[in-house]
Number of protein chains: 2
Amino acid sequence: MPLRPGRPPRVTISDVSTAAGVSAATVSRVLNGTARVDSSLVDRVHAAVATLGYRPNAAAQGLARGEWGTIGVLVPDLANPYFPDVLKAVSAVARSHGRRMMVMESDEDPAVEHDLVEDLMRCCDGVLLCSPRMPRAELAELVARKHPLVLFNRIVPGLPVPSISVDFHGGMTAVCGHLAQLGHRRAAYLSGPSASWANAERLRAFESARAFGLEVEVVECGATSEAGYDAVAAVLAAAEVTAILGYNDLVALGALARMRELGVAVPSAYSVVGFDDISLERVAHSNLTTVSMPRDELGRRAGELLEQLLVNGDDAEPTYLPMSLQVRDTSGPPRG
Amino acid sequence: MPLRPGRPPRVTISDVSTAAGVSAATVSRVLNGTARVDSSLVDRVHAAVATLGYRPNAAAQGLARGEWGTIGVLVPDLANPYFPDVLKAVSAVARSHGRRMMVMESDEDPAVEHDLVEDLMRCCDGVLLCSPRMPRAELAELVARKHPLVLFNRIVPGLPVPSISVDFHGGMTAVCGHLAQLGHRRAAYLSGPSASWANAERLRAFESARAFGLEVEVVECGATSEAGYDAVAAVLAAAEVTAILGYNDLVALGALARMRELGVAVPSAYSVVGFDDISLERVAHSNLTTVSMPRDELGRRAGELLEQLLVNGDDAEPTYLPMSLQVRDTSGPPRG
DNA sequence: GCCTGGTCTGAAAGCGATTTCAGATCTCCC
DNA sequence: GGGAGATCTGAAATCGCTTTCAGACCAGGC
């Protein structure tokens, strides 16, 4: 018998029912409004609830109803400025539908994602999987469980699971178009995590870029401003490169910092373009040219998608939300 | 009967037990390792679990064990760059003790905090309350419920609840000392949210500042860089002020941006000092003088405190973690 | 006045696990 | 060979709530 040590004795529904002189069923009916109850009993129940300080046990409710009233979200990295915005929107949507939000973080380790999702499935009505890096096979296995699941910022063709993502490919294509139009012919891309689908999508855009005369060479980098800072040396050594594309804004800002230190002029010597438009701009004063995405619309839509799925098993087509190019001060025509 | 529509039929422990030809009790014992079981049965159970894809229902476990295996965290604003770092650390600690993390956000509205905490208490073993703005009486009422609760970044004298906080008062005192030593006599403080205890603690430091010859006048501002940007006008109009203290770094950076625009020299005309040391510095290149706090140690400690409380009802003294002054480029001796 | 039909209520059966308790089995020793 | 004691197992109670089901009660119509 788990007599929780030092824990206060929980007030249960039967305490309320005896105090009010009614049955537990009636208490439940009153509190949930699931059936008409004589108004005198209603009053007695409410009074008893108030004096005893009764709060229904969520685990018991979950068990009895077959629903936890909770959604789960898995993100790769809570500290990444990207995800809190999304979480905020998802949490608001969830709350508006009376659900709570459980959060887990894989800490950028694809190997643990699967277990975490499995754990979320044990205690959540639905799961939102943000930017999962796990291989397609694992993802397919999770989808096969038929537990409500929504994919966020990863789209896997052929996998029957509601998905929503930013159109990374379109965003990067826009960046390339912008640079090509300015007259650039050769750019360096500071590449993100190799397991990342978002990175793969960006890379895919470079093929179409070739069509309008821009050649992009890939430099292994990472996702942090430190990585961007460190990658600058390799870029400057490359011949004929006149523009730098960052995997994200942090990388681009890191590179920008290094270039300032080295006295490399931006945008006259090199154009620098970011990705994501994390809203540090007002703070950073770098006026980085970048592409932005509607982060909270994205979060909201993802939340709604999950809710839809929970309520009436809707299975929609993958949604891509467009990114929009923000031309600011760090891009311009190449020298010469 | 809640036959969840479209939901897959859940595999229960009794499915496993019949498949393995043992009792449910044995399955439970095998999976939890709570008692010796004959190895042949162990194998049969594991085989059945694997083929059926069984995962224990968390709600049922929670009910039976009287423990949810979950902690709850309430933060005022997920988008505030401060909290994700804390959440990250808390989540890691929780996970290392086999617990999940539920997250809620009050969206800076003190009025909803109470209900959210109440909800968290219905489904979590313990609750971590971050920077609550609610009045003391409400807080006291929650504490009186005897549900494990830890206070983070708010300390209420006389309230018997484990608390941990950054030493805001000490941090701001250090800032004042620094400015006084440089020769400043009069500073403006861009004040944060008035309901915030953290803001009150900073204000309290100005009394001691007077002792070493620094007078601080308070300008209503807010917590965002926009607010800091807008507040500059009022400060420049004030006579004899030679230094500006931001409620936090965002405010200070916003002010800095505005001052750059106006051509006001920093630090020769005005010193500007931030608070928190959010790690945008590498990105912002503003080299703001500020005070920093060990955010993830803070999160870790808070998590451990809660765990302690859950395991052996420990009730410790409030802990203050020190802040450390980071003198960088935006502070210097006053002109003249 | 009795029977039908409609409301409202409570007893009891789940929900899916854990845990107690008692019975079955097995060993060992006298 | 039989009894004591130690192991292991399963039946059943329990956690706290929801929901079904049937009974109690009342009003109204013949």
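**A walk through the chain B sheet**

Start in strand β8(B): select I244(B), which is the bridge partner of A188(B). What you have open is a predicted model, so treat the tour as a look at a prediction.

Next, colour the two strands around that bridge. β6(B) and β8, residues 243-246 of chain B, run parallel and share 4 bridges. Now turn to the other partner of β6(B). Strand β6 covers residues 186-191 of chain B, and it pairs with β7(B), again in the parallel sense, over 6 bridges. To see one of these contacts, select Y189(B) and look across to V218(B) in β7(B), its bridge partner.

Zoom out to take in the sheet. It is open, has 4 strands in the order β7-β6-β8-β9 (chain B), and its pairing is parallel. At the edges you will find β7 (215-220) and β9 (271-273) of chain B, each paired on one side only. From one strand to the next, the twist averages 20°.

How many residues of β6(B) are buried? Of its 6 residues, 5 are buried, so the rest of the structure largely encloses this strand. Follow the chain onward from β6(B): it passes through helix α9 (residues 197-211) of chain B and arrives at β7(B), making a right-handed β-α-β crossover.

For the last stop, select helix α11 of chain B, residues 249-262, and pick out L262(B). Is L262(B) buried or exposed? L262(B) is exposed, because just 10 other C-beta atoms lie within 10 Å, and the cut-off for exposed is 12 or fewer. Finally, draw a distance from the C-alpha atom of L262(B) to that of P294(B): they are 32 residues apart along the chain and separated by 34 Å.

Methods: Residues are numbered from 1 along each chain as its sequence is written. Chains are lettered from A and ligands numbered from 1 in the order in which they are written. This is a predicted model: local features need pLDDT of at least 70, side-chain atom pairs count only at pLDDT 80 or more; totals for chains, interfaces and linings use all residues. Two strands pair if DSSP finds at least two bridges between them. Axes are lines fitted to C-alpha atoms, for helices over the stretch in contact, and angles run from 0 to 180 degrees between N-to-C directions. A residue is buried if 20 or more other C-beta atoms lie within 10 Å of its own, exposed if 12 or fewer, and partly exposed in between; C-beta atoms are placed from the backbone. A crossover is right-handed if, with the strands pointing away from the viewer, the path from the first strand over the helix to the second runs clockwise.
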